[in-house]
Amino acid sequence: MMNTIKNNIKRIAAALCLAAVTAMPAMAQFDMSKMHLTVDWQMNSPLSTDYADRISGWGMNYELTYNVTPRWDLGLFASFHTNHKYIDRSTIQLSETESLTTDQSRSAFQVPFGVTTSYSLSGNRYIRPYIGAKVGTMFARNTTYFADRGLYDSAWGFYASPEIGLRIYPTGGHWGFHIAGYYSYGTNKTSTLTTDIDGQSNAGFRLGVIF
């Protein structure tokens, strides 16, 4: 399963690199009217770990894209998200001779950014379903608060995220609304108070405005 995910990530990265090279001649004739800024509120649920696996709406997504062709967009993205989880008081065995009895407040913070691309499945002026992908890097920080202390670990990793969505333009013009569902995977490796996390996957959706 893990090898399949990594192979798919490599294929997506290669496709995006090829898309960027192909787009260079088209973007040489730059037209500001073809540029869009998308601002999304984001709902996210971790899948690969129970460290902080509560679904959360503490996130945002930003995209600056350019219409390379009438159906194909290419640009940059950056987003952030925080998931939380509270663990009741329990005894944690730290080693053969040490244990800790405490409750825990866990916080998982993720900041991915990089390149985004999408292809519209329809040329309709008002409603445009699309498929897309994001590839880049992600900063992840997992923090466990207990008693009067906190323990955290952070790491950088490779990030990939396929998505499917809908762009709605009420007037058929430049501005509109955005709806998307996504899956994401980051190769980040971090250590926590109770376990090690090797890779982080998430699923969620976004609601936003296109300018």
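F113, F139 and W156 come together as one aromatic cluster in this predicted model, and the structure as a whole holds five aromatic pairs.

One of these pairs is formed by W41 and F205, whose rings meet edge-to-face with 6.0 Å from centre to centre and 75° between the planes. Because W41 belongs to strand 1 (residues 35-46) and F205 to strand 8 (residues 196-210), the pair ties together parts of the chain that are 164 residues apart in sequence. W41 is partly exposed, at a relative accessible area of 33%, and F205 is likewise partly exposed, at 35%.

The rings of F77 and Y159 have their centres 6.0 Å apart, and since their planes stand at 35°, the pair counts as tilted. This pair also links distant parts of the chain, with F77 in strand 3 (residues 72-93) and Y159 in strand 6 (residues 149-168), 82 residues apart. F77 is buried, with a relative accessible area of 4%, and Y159 is buried as well, with a value of 3%.

Aromatic rings in this model also take part in contacts with charged side chains, listed here.

| Charged residue | Ring beneath the charged end | Distance to ring centre |
|---|---|---|
| K134 | F77 | 5.7 Å |
| R141 | Y152 | 3.7 Å |

The ring of F77 therefore appears in two settings, since it is tilted against the ring of Y159 and has the charged end of K134 sitting over it. For R141, the charged end sits over the ring of Y152.

How values were computed. Residues are numbered from 1 along each chain as its sequence is written. This is a predicted model: local features need pLDDT of at least 70, side-chain atom pairs count only at pLDDT 80 or more; totals for chains, interfaces and linings use all residues. Side-chain values use heavy atoms; hydrogens and water are left out. Rings of Phe, Tyr and Trp (its six-membered ring) pair if their centres lie within 6.5 Å; planes under 30 degrees apart count as stacked, over 60 as edge-to-face and the rest as tilted. Helices (H or I, at least four residues) and strands (E, at least two) are DSSP runs, numbered from the N terminus. Buried means under 20% relative accessible area, exposed over 50%, partly exposed in between (1.4 Å probe, protein chains only). A charge sits over a ring if NZ of Lys or CZ of Arg is within 6 Å of the ring centre and within 35 degrees of the ring normal.
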